[in-house]
Each structure stands twice: as structure tokens, then as C-alpha cells.
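I opened my notebook to look up pockets, the ligand and a few backbone oddities. Here is the structure I worked from, and my entries follow.

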Amino acid sequence: MKLEKIYESMGISKEVYAYGQKIEAELKDRFEQIDETAEYNQLKVVQAMQKCRVSDIHFAGTSGYGYNDLGRDTLEEVYAEAFHTEAALVRPQITCGTHALAVALAGNLRPGDELLAISGKPYDTLEEVIGIRPSSGSLLEYGITYRQVDLLPDDRFDFEKIRLAMNERTRMVHIQRSKGYQTRRTLSVAEIGKAIAYVKSVNPDVICMVDNCYGEFVEQTEPTDVGADLCVGSLIKNPGGGLAPTGGYIAGKKKYVEHAAYRLTSPGLGKEVGATMGIIQSFYQGFFLAPTVTAGALKGAIFAANIYERLGFAVLPDGQESRHDIIQAITFGTPEGVIAFCRGIQAAAPVDSFVEPSPAPMPGYDSDVIMAAGAFVQGSSIELSADGPMKPPYAVYFQGGLTWEHAKFGILMSLQKLLEAGLIKLP
Ligand SMILES: *Cc1c(COP(=O)(O)O)cnc(C)c1O
């Protein structure tokens, strides 16, 4: 059979290929549901572009101050339309997801305010933004305090503790949809909606901000459909569709998006400045592709869960459960397992496949991290990638794949590496 032969020529043994085919065949129904969500979201994006009368004039770049950048302003309308919000800030000057979150926080919080995280500890890099770990220029240094309510042991919101933690200084609530580097469940849009409704019932003036990283287009709704005042993410994850070479977005209520813009550029200037220098067409095209790219990544995550679950490893989410982000955590329990997995992902990449990743210190993280990424865009995690902090429980976080076919190849290659290292036996 031809397909098997080309896999074999690329280092996938007959045994690994056959095991993969068996698992894939069992996932037909799940994959059909994912395709249906992609279809819905594809139409949502096209509808937004049509409503905003996107035209080729919008793909031209501006330079200098970037005043009256039609392409930029219209793209922000497209995002606002797709997220069903009043406004959006979508910029190449937002360097990454952490920066987008930092801008949304710092733009909307004032000295004396308190930030309350209600889905437990925020993503690692936010610890220095907030000042949970001491850092120069943190919110804490500006007199903005922080409080945290952990999720319950079954990963549900702890409404009682949320009420007790809210006080007259609580200005903003932080909710993180995805698990980040934690072994917890990812929160569904519906659950996030209930938590927001609860917070608003205690105090309607509190700003509810959702870190939406990795969640975009996984469901048919977004947190902004269920009451989030601000929704924040990175363009080198889902919404950039693999084509945006950099950038981040903040979508939400006009007032809060404007506050973020005054922080990103300058008080008084806000959204009016920011040249796009010819980059904006890739933002449009990436957003257009994002629903199907996300679907491919999601299929890869489900495939990986089913492959490794059956080999006896703890996987989160498990093989059956519904999905709310594209991240798959697999706990190998040993550094060797994490390293072999990442080396397999790297070996399957279109770029830098000859490189062997090793654990190393990373800015913003408190332990060594191993990262596998053979990406067209540096560090892009909507492209097939895996990373894991080198600390117990030795879990690897796998995500991305611009196409399902490539995600599948990467997972088979990881399996091959684990097999060759003697760390697994196939049934
Ligand atoms: C990736 C991520 C971030 C930070 O994004 P960067 O682009 O890496 O700075 C924040 N929160 C969550 C949940 C993430 O997954």
C-alpha cells in the first residue's frame, strides 16, 4: 500500500502505522463533529468579512504613524463582528499573548484596584506581569493588588470563595479558559458564562477578562458571547491561522478596549496610531483559515489522547471528553518520556527537522523547559509543537498542526521515538 510505504520511508515502522490507523478509524464520529464546528465558524468569519465590506484596498500597508490605516481599522471591525463585541484591538505591535494580557490588565487597572483570578493561578508568564513573582514594572509595583481563588478539586468554579474574595477594591476578574502548564480541565464557554454571571450578580461593575489563548474557534461560541467584557489572545495561536507572523488581539467593550489601546500606544493616541507595514493581509487570510486550522489541530489532540491513553499514560483531556481548547497534556512521569516525545514532534517538522531539542531555561518560566517546534513562524504554537517544563509530573503539552495530516505524522513520529527508546510497547 502506497501510504504505508511513504510513512515507512519517513521513519514510521509498519507497527506504529498500523496502530495509528486502528485508532484513527475509531475517531470518525468525533472528527465529523469537529468538521461541523469548523463549518459553522468558517461561515461566521466570512459573514464578518462581508459585513465589514472587506476589499483589496484593505490589504495595503501604512508606514510612519499609521493614521487612517483602513486595513487595520477594518480588521478590528471584523474581529469585533466575529466575537460579537463593540470593539477590538488587533495589532502587530502586540508582541505575544502575554503582552496582550499585560496591556488589557494595565490599561484597565489603576493604583488601589485589585485583580481577582477565579480560575486559579494564571499562566506562568503572567506571574511576573501581576507581581506574583517579584518583577520590575509589575502591576504590584503600581499598587495594584492581586487575589486568587482556586478551582475546586473537580475543576469547577468555587462560587462561595469567589463571593468572599470580592471586595470594594475588586476591579477586574481574570478567567483562563485553557489549562496552560497545569494538569486541570479546560473550562467550557458555558461554564465561563456561568461564572461571569455570578461575578456580575455580586458586582455588575467588575470587568470580566478571559484569557482565550488556544480556545478560539474550538466551540461555536466565544467567551464574549456569554458576557466577557474582554477576551484576549495571541495571533500565533488559533486566530492567526498559522499565517499571521506576529501579533495579538483584545476584543470586548469599547471603553475597555480603548483603555487597553491607550496603554499599548500612549494616552491620547490610543487606536489612532500603529502602522501595519504590509503585514495586515496575512492577518485577514489567517483569520479566514483559522476555523479549519483549529479543527486540524483539534483532531491531532484527540488522536494523541487516544493513542497514549491506550498505552497507559494519563492524558488530559481524556480520549472521550469534549474539547474546549487545542492543548493535549500527556503525563509521561519521566524526563526521558517527555524528551522522546518532543524529539518525535521535532523530527516530523517541515522546518528544522534535523534539530534535536533539549531542556533549557526560558525567560518567564521557573524551571527548564523543552520545546519542540519546527515552525514557519518562530515559536508559533498553532503549528505542530510540544513543550514541557522539566519538573514533576513530567507532563508534555502538545498542540497545533496546521493540517490534520501533519499533526497525525507528528504523533506517529513521537510514538516511534518512544518505542525506539524502549519506553513503550505497542499492544
Ligand atoms: C500561550 C498562553 C499565554 C501567553 O502567550 P504567549 O504568546 O506565549 O506570550 C497566556 N495564557 C495562556 C493560557 C496561554 O496558553
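**Entry 1: the second largest pocket.** I looked up the volume first and found about 300 Å³ of space in the second largest pocket. For my own record, a pocket is an open set of points on a 1 Å grid over the protein atoms alone, with protein on both sides within 12 Å along at least five of seven lines, and lining residues have an atom within 4 Å of a point. Grid points are joined across faces, edges and corners, and the volume is the space filled by probe spheres set on the points. I noted that 18 residues line this second pocket, and that Ala106, Gly137, Ser138, Leu139 and Arg263 are the closest to its centre. Two elements, α5 and α6 (126-130), each give two or more residues to this lining, and α5 gives the most, with 4 residues. Helices here are DSSP runs of H or I with at least four residues, strands are E runs of at least two, and both are numbered from the N terminus. By class, I get 9 nonpolar, 6 polar and 3 charged residues in this lining. My classes put Ala, Val, Leu, Ile, Met, Phe, Trp, Tyr, Cys and Pro as nonpolar, Asp, Glu, Lys and Arg as charged, and the others, Gly among them, as polar.

**Entry 2: ground rules.** I am working with a predicted model, where local features need pLDDT of at least 70 and side-chain atom pairs count only at pLDDT 80 or more, while totals for chains, interfaces and linings use all residues. Residues are numbered from 1 along each chain as its sequence is written, and side-chain values use heavy atoms, with hydrogens and water left out.

**Entry 3: the largest pocket.** About 830 Å³ of space lies in the largest pocket. I counted 36 lining residues, with Tyr123, Ile236, Tyr365, Met371 and Gly379 the closest to the centre. The elements giving two or more residues to this lining are α5, β10 (369-373), β11 (385-389) and β12 (395-399). The class split is 18 nonpolar, 15 polar and 3 charged.

**Entry 4: the ligand.** Where does the ligand sit? I find the ligand in the largest pocket (more than half of its atoms lie within 2 Å of the pocket's grid points). Around the ligand, with a heavy atom within 4 Å, I list residues including Cys96, Tyr123, Gln176, Cys213, Ser234 and Lys237. Helix α5 (residues 97-108) gives the most to this shell, with 3 residues. By class, the shell has 5 nonpolar, 4 polar and 2 charged residues.

I then checked polar contacts, meaning pairs of N or O atoms within 3.5 Å. A ligand oxygen is 2.7 Å from a polar backbone atom of Gly97, and a ligand oxygen is 2.5 Å from a side-chain N or O atom of Thr98. A ligand nitrogen lies 2.5 Å from a polar side-chain atom of Asp211. Taken alone the ligand exposes 380 Å², and the protein buries 90% of that (Shrake-Rupley, 1.4 Å probe).

**Entry 5: backbone checks.** I looked up cis peptide bonds. One joins Leu316 and Pro317, with omega about -5°, and Pro317 is in the loop between β8 (314-316) and β9 (328-331). Another joins Pro392 and Pro393, with omega about 10°; Pro393 is in the loop between β11 and β12. I also flagged Arg53, a non-glycine with a positive phi of about 50°, in the loop between α3 (28-51) and α4 (70-82).

Terms used: Polar contact = N/O pair within 3.5 Å; in protein donor to acceptor, adjacent residues only side chain to side chain. 1 Å grid on protein atoms, 1.4 Å probe; cavity = no way out; pocket = protein on both sides within 12 Å on 5 of 7 lines; lining within 4 Å.
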